[in-house]
Amino acid sequence: PSRRELIDQFLDQMAQTMSQKGNILIPTFAFHRSQEMAKRIDTAIERGILPRYNVYTISNIAHRINGYYNKNRQLFTKEIKQQKNPFHYRHVKHLYRTSQIDEPAVVICTSGFGHAGASLRLLTEWAGNKDNCVLLTSGYLPPDSPLKTAKEEGFFKTEDEMFTVHAQVKQIELSGHADQMELIELVKKVKPKRTVLVHGDL
């Protein structure tokens, strides 16, 4: 599917969960993915695509990165360039801890693979409720990620406990990486003398 179709799927899933007053967990990385998800949700609420809802980010690093994004908005799309502070959101609030959440809520937080931090804490608290949803936007999850086992096996383990997952766990791959055609287009535009592709695991 095209990225536009994937974004529509993402927002449709959010709207469905919001209609049943569920919580939505969106584990992300602090750089780029957090800003993209927050901006898309903020814009969707502003345009009436999504209803008003409690939407939060929990990542101090992501919050700091927002400031750099605002200072360098000329590097973004035409729409973003025209906004004074595009990453100062109107409908998304930054929190410092999960205890500040007013449910039902959407929470965009680190870590992106769910190993630790707010995303793991909220996964343990919200996974047992069928009205809740976990939205995974990464295309890759490492084998030891609790998000991976939650999605594929219907349970996950922490050091102390095993949790059964009743919440919906949906993976919608909004990758920040260039795909094959985008890479080819880049090479055509840059016209390098030599192109070296490196991909592998150490």
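Here is a friendly chat about a predicted model and some of its aromatic rings, surface and backbone.

Colleague: Before we start, what is the mean pLDDT of the chain?

Modeller: This is a predicted model, where local features need pLDDT of at least 70, side-chain atom pairs count only at pLDDT 80 or more, and totals for chains, interfaces and linings use all residues. Residues are numbered from 1 along each chain as its sequence is written, and side-chain values use heavy atoms, with hydrogens and water left out. pLDDT is the predictor's confidence in each residue, from 0 to 100. Here 98% of the residues reach 70 or more, and the mean pLDDT of the chain is 92.

Colleague: In which element is confidence lowest?

Modeller: Helices (H or I, at least four residues) and strands (E, at least two) are DSSP runs, numbered from the N terminus. Confidence is highest in strand β2 (residues 54-58), at 98, and lowest, at a mean of 88, in α7.

Colleague: How many aromatic pairs are there?

Modeller: Rings of Phe, Tyr and Trp (its six-membered ring) pair if their centres lie within 6.5 Å; planes under 30 degrees apart count as stacked, over 60 as edge-to-face and the rest as tilted. By this rule, the count is eight aromatic pairs.

Colleague: What kind of pair do Phe31 and Tyr69 form?

Modeller: Phe31 lies in the loop between β1 (24-27) and α2 (33-46) and Tyr69 in helix α3 (residues 60-71), so their pair ties together parts that are 38 residues apart in sequence. The centres are 6.0 Å apart and the planes stand at 90 degrees, which makes the pair edge-to-face.

Colleague: Is Tyr69 buried or exposed?

Modeller: Buried means under 20% relative accessible area, exposed over 50%, and partly exposed in between (1.4 Å probe, protein chains only). Its partner Phe31, at 58%, is exposed. Tyr69 has a relative accessible area of 11%, so Tyr69 is buried.

Colleague: Why does the pair of Phe156 and Phe163 count as stacked?

Modeller: Both Phe156 and Phe163 are buried. Their ring centres are 5.0 Å apart and their planes are at 10 degrees, so the pair is stacked.

Colleague: Which residue does a cis peptide bond join to Glu103?

Modeller: The bond has an omega of about 0 degrees. The partner lies in the loop between β3 (93-94) and β4 (105-109). The residue joined to Glu103 is Pro104.

Colleague: What is the phi of His32, about?

Modeller: His32 is found in the loop between β1 and α2, and at 31% relative accessibility His32 counts as partly exposed. His32 is not a glycine, although its phi is positive, at about 75 degrees.
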